[in-house]
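Q: I would like to learn how to read the features of a structural model, one at a time. Could we take the general idea of each feature and then turn to a case?

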Amino acid sequence: RVDTKRKITPWRGLLRAGPFRRLCAGTLLLGLVTVSDSFIYLLLQRRLDIPLHYFPLLPIGTAASFLVLAVPLGRFADRAGARTVFLGGHVALLAGYLLLLLWPPAAGVLLLCAVLVLHGAFYAATDGVLMAAAAPMLPAALRTSGLALLQSAQALARLASSVLVGAAWTVWGVRPTVAGAAIALAVTLGVAWPLLRGVNR
C-alpha cells in the first residue's frame, strides 16, 4: 500500500505499489502495439474502396458496438475478472487486424461490420474495465492521481504507436505494417498475461 502520510510525490509513491506498477507496465506495453482508430478506418477505406464522403460514418460503427457491448462486458468482468476481459479486448483487436489482413475485400459489408464490431468490443472491454481494475489498488487520497497516471501512460504509448505505424506505412506499405502490428500485439499479449496477474477485479 502507498504511504500517504509521507511527504513524497504522488507518482513515486503510486509506482511503489507492485500490482499498480505492473498494471501500468502492461497497459504501456499494450498501448505501444495498439493501432490508432484513424489507421483502422483508413485501412477499411483502402481495403473496401469506401467513397470518401462515407468515411466520417465509420466511427459510428465503433461507437454503436461499444454502446451495445459495454454493459455486458462490464458485468462479465465482475464475474470472470478484469484481466481476462481486458486482455480479451485486445484479442478482439488482434482479430480485427487479422481480418483486415486476410479477409478478401470481396466480403465487403461483412468485413466492414466485423471489423467495426471487434473495434467497439475492444473499447468496451478495456476502457472502463481498466479503470475499475486500477481503482481498488490505489488509496483514496491518491486515487485520481493514480488513474490520471495510468491514462497518461496509455495515451503516451498510443501516441508513440501512431508515429511508428505511420512511419512503417510510409516505408513498407499497408500489408507489412498490419502484419507487423498483429505479430507485435500477439507477442505482447503473451507477455501481459503473467504481468497482469492479480488484476482480478
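A: Let us begin with a single residue, Asp49, which counts as exposed because its relative accessibility is 64%, where exposed means over 50% relative accessible area, buried under 20% and partly exposed in between, computed with a 1.4 Å probe on protein chains only. The model is a predicted one, in which local features need pLDDT of at least 70 and side-chain atom pairs count only at pLDDT 80 or more, whereas totals for chains, interfaces and linings use all residues. Residues are numbered from 1 along each chain as its sequence is written, and side-chain values use heavy atoms, with hydrogens and water left out.

Q: Where is Asp49 placed, and what is its phi?
A: Asp49 sits in the loop between α3 (37-48) and α4 (58-80), and its phi is positive, about 55°, although the residue is not a glycine. The helix labels come from DSSP runs numbered from the N terminus, with helices being H or I runs of at least four residues and strands E runs of at least two.

Q: How is the packing of two helices to be read, and at what angle do α5 and α8 pack?
A: Two packed helices are described by the angle between their axes and by the distance between those axes. The axes are lines fitted to C-alpha atoms, for helices over the stretch in contact, and the angles run from 0 to 180 degrees between N-to-C directions. Here helix α5 (residues 82-102) and helix α8 (residues 174-195) pack at about 160°, with their axes 9 Å apart. That angle makes α5 roughly antiparallel to α8, given that angles over 145 degrees count as roughly antiparallel, under 35 as roughly parallel, 65 to 115 as roughly perpendicular and the rest as oblique. The crossing of α5 and α8 is left-handed, a term used if the near helix is turned anticlockwise from the far one by less than a right angle, with clockwise giving right-handed.

Q: Which residues of α5 and α8 meet?
A: Contact means heavy atoms within 4.5 Å. On the α5 side the residues include Leu87, His90, Leu94 and Leu98, and on the α8 side they include Val178, Ala182, Leu185 and Leu189. By class, this contact of α5 with α8 has 17 nonpolar, two polar and two charged residues, where Ala, Val, Leu, Ile, Met, Phe, Trp, Tyr, Cys and Pro count as nonpolar, Asp, Glu, Lys and Arg as charged, and the others, Gly among them, as polar.

Q: How far apart are the axes of α3 and α6, and how far apart are those of α4 and α5?
A: For α3 and helix α6 (residues 109-134) the axes are 11 Å apart and the angle is about 170°, which makes α3 roughly antiparallel to α6. Ile40, Tyr41 and Leu44 are among the α3 residues in this contact, and Leu112, Val115 and Leu116 are among those of α6; by class it has nine nonpolar, one polar and one charged residues. For α4 and α5 the axes are 7 Å apart and the angle is about 135°, and the two helices are therefore oblique to each other. Leu73, Phe76, Ala77 and Ala80 of α4 make that contact with Ala82, Thr84 and Val85 of α5, which by class gives six nonpolar, one polar and no charged residues.

Q: How should a pair of aromatic rings be read, and how many pairs are counted?
A: A pair of aromatic rings is described by the distance of the centres and the angle of the planes. Rings of Phe, Tyr and Trp (its six-membered ring) pair if their centres lie within 6.5 Å, and planes under 30 degrees apart count as stacked, over 60 as edge-to-face and the rest as tilted. By this rule there are two aromatic pairs. One of them joins Phe39 and Trp169 and is tilted, at 5.6 Å centre to centre and 40° between the planes. Phe39 lies in helix α3 and Trp169 in helix α7 (residues 143-172), so the pair ties together parts that are 130 residues apart in sequence. Phe39 and Trp169 are both buried.

Q: Is Thr27 buried or exposed, and what is it in contact with?
A: Thr27, in helix α2 (residues 18-32), counts as buried because its relative accessibility is 1%. Leaving aside neighbours within four places in sequence, Thr27 is in contact with Phe86, Leu130, Leu150 and Gln154.
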